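Reader: Hey, I've got this one open on my screen and I don't really know where to start. Can you walk me through it?
Author: Sure, let's take a look together.
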Amino acid sequence: MGFTSMDDIVSKVSEDGQFLRIDWNKNFLPTTPAVAGEWHCLVKGTGNPATGSIYNSGTNLAFQAATETLTNAGGIPHGGNVSPATKHILNASAFTAAATTAPCILMLVDLLGWYRVTSVTTTTAQATDNTVTLPRYTSGAGVQAFMWNTNTTAMGAATPNLSLGYTNSAGTASRATPTTLPIGKTAAANGLILYSGTGLGKFGPFMPLQSGDAGIRSVQTIQNSTSYVSGEYAVGLCKPLLTLPITTLGVAAERDLVNQLPSMPKIEDGACLVWLMYSGAATPVNSSIYGHLDIGWA
Amino acid sequence: MAGFASIRDLVDSDVDSGQTHYATWRKSPTQATGSGVWFDLALSPGNPAPFYYASAPAVAVPMSRSSSGGLNHGPSMSPSKKFLRKFMMMTTTATALPMNAKILDYLLYYPFIDESLDGEEQLMDNTATLTRYADGAGVQIMAVVVAGHATGLTQSFVVSYTNQDGVSGRVTTPVFLNNQFVNGTIITTNRATAGCAGPFLPLQSGDSGVRSIESLTMTGSDVGLMTLVLVKPLAQMTLRGNDAPVEVDYFKDFSGLPEIKDDAYVNMICCPVGTLAATALHGEITTSWG
């Protein structure tokens, strides 16, 4: 399924009503301003959708799947399942009027699930529980991992190397984060992608993969090389869908996704749509960001 | 056969197979620069971390992602080929704009060449050779300030090199030093100085690239040190204003996809129209492989 032509898009959208406009508002995290160069996961910011509060619940190191309808997951509602049709993003926008929030880059991801890590003082590679598997993109193709603080309180004072052992999208096990490991930030704040920022050992937004790998099917081990002292974090698995750079306060960043290559990112049934954000400046707490998604299906 | 056989193949590789890599970058030059003088962003802080070309003088050192860093274009993908798909750059500071920029594969460098040795041929150590573009086709020479000179404008230099066909003893056109002294300046560029050139040294007639550098000879002396970097230009763009990013899709906009070799050290040079100091540049780099 999907759109067969430009005529088909016009027909489906204008005659058949297979179209939905979603307006969203997400605020930056409420606890600590961002440092320029950092990435954050905004799911715990306030706004519409409301704060995703589920990410620090559940069993330590067990994979939990995220969906559109999962209570307190904080994903953008996109109208429910349309199978056997497929749903696509046609246009997207974002803007902010909050001082020093621009420049920034927003990335919309389908958050597939997460491993909660509360045993942050353990310094060996910790085995995960993969009883639950990926709910979408089940092969892992294009699926990326990011590690972020899911707690209102900051992580402890430490700068551990961070690494994963995983199975790639070809089903090959025992893949590993490459030698130059990401370094977690000391006292990483609520929402921070732990190893993002500037300088040596900083990556953004995703964990680097082993040579030749195009995605992650599952994570077998999670390690912080030294104790993170306190707090908790999660390893999220997601599929990136689009990015929107915002340069100027009060000016909307708009993306016509019909005319990109590849075009019209697909939203899978049940997708949990979440924003990640790169800060180009010291983003203040609670900075409001607004925008919309135009969605059609066929 | 590595690469993309069709647009369908490119799209399938990206959408179905996830064969794409995305990363953001940030460069925050601190140096005060002038108009029309090219500047090497490899030395600027941010993400990726700066690289200072610090090693034994005049000894060739190959550069790679694994050893030196650079823009994060993802891990090696052999036997597939990796390509630069999209690039974005933006800033909220107007002073440097409009600004041209080039994305380069930095291949090898000869550090700390002395600018005080008038008429003396300074020989390079070529024990190490190019690890990418090994024949030198399309490879250019870039001269970067790593310890500021004092006057410029009246001193020139030539470089003796081996060209892409393996012919040694080839000589660049004499090029004058400019009068911008901060580290990172590409010392041969200045729109207002007669005898300066572009970001790359002008090669001898008929040559299309450089395999290695044998020597450098100054005419006139100055204080200061430069590093000679062998680079392969990959792509370019222009950031016109501070109210919008420049976004380039190299397939749609340029009808071609620059290849990024496995383990390439990729970074940028730029040509501002005013000072880069306090100009934070931000952007994205997206690669695809097939």
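Reader: OK, starting with β8(A): which residues sit on one side and which on the other, and are they buried or exposed?
Author: Keep in mind that this is a predicted model. A:Q144, A:F146 and A:W148 are on one side of β8(A), with A:A145, A:M147 and A:N149 on the other, and all of them are buried, so both faces are covered.

Reader: Why do they swap sides like that?
Author: In a regular strand, side chains alternate between the two faces of the sheet.

Reader: And how many residues of strand β8 are buried?
Author: Six of six, so the strand, residues 144–149 of chain A, is mostly covered.

Reader: How does β8(A) pair with β12(A)?
Author: The two are antiparallel, joined over six bridges. One of the pairs puts A:F146 opposite A:G236 in β12(A).

Reader: Switching topic: how many helices and strands does chain A have?
Author: One helix and 16 strands. The radius of gyration of chain A is 19 Å, close to the 19 Å that the globule rule gives for 298 residues, so the chain is as compact as a globular protein of that length. Along the principal axes, its C-alpha atoms fill a box of roughly 60 × 45 × 35 Å.

Reader: What share of its residues count as buried?
Author: 50% of the 298 residues in chain A.

Reader: What about helix α1, is it buried or in the open?
Author: Largely in the open, because zero of its ten residues (6–15 of chain A) are buried. After α1(A) comes A:G17, which has a positive phi, near 70°.

Reader: Back to strands. In what order do the four strands of the open sheet come?
Author: The order is β7-β11-β9-β10 in chain A, with antiparallel pairing. β7 (126–127) and β10 (175–176) stand at the edges with a single partner strand each, so one side of each has no neighbour in the sheet.

Reader: How many bridges join β9 to β10(A)?
Author: Two, and these strands run antiparallel. You can find A:G165 opposite A:A176 in β10(A).

Reader: Now A:T96. Is that one buried or exposed, and why?
Author: A:T96 is buried, because 26 other C-beta atoms lie within 10 Å, and the cut-off for buried is 20 or more. You'll find A:T96 in strand β5, residues 87–96 of chain A.

Reader: What does A:T96 touch?
Author: Leaving out residues up to four places away in sequence, A:T96 touches A:T101, A:A102, A:I246, A:L249, A:S287, A:S288 and A:I289.

Reader: Cool. How many residues does each chain bring to the contact between A and B?
Author: Chain A gives 34 residues and chain B gives 33. On the chain A side, the largest share is three residues, from strand β12 (residues 233–246). By class, that side has 18 nonpolar, 15 polar and one charged residues.

Reader: Last one: which residues touch the most other members in the largest nonpolar core?
Author: B:I141, B:A143, B:V144, B:L228, B:I269 and B:C270, in a core of 81 residues. Strand β6 (residues 99–114) of chain B supplies the largest share of this core, ten residues. Apart from it lies another core of 77 residues, including A:I89, A:A92, A:A102 and A:L276.

Key: Residues are numbered from 1 along each chain as its sequence is written. Chains are lettered from A and ligands numbered from 1 in the order in which they are written. This is a predicted model: local features need pLDDT of at least 70, side-chain atom pairs count only at pLDDT 80 or more; totals for chains, interfaces and linings use all residues. Two strands pair if DSSP finds at least two bridges between them. Two residues are in contact if their C-beta atoms, placed from the backbone, lie within 7 Å. Ala, Val, Leu, Ile, Met, Phe, Trp, Tyr, Cys and Pro count as nonpolar, Asp, Glu, Lys and Arg as charged, and the others, Gly among them, as polar. A residue is buried if 20 or more other C-beta atoms lie within 10 Å of its own, exposed if 12 or fewer, and partly exposed in between; C-beta atoms are placed from the backbone. The radius of gyration is taken over C-alpha atoms; the globule rule is 2.2 Å times the number of residues to the power 0.38. A nonpolar core is a set of buried Ala, Val, Leu, Ile, Met, Phe, Trp, Tyr and Cys residues joined through C-beta atoms within 7 Å.
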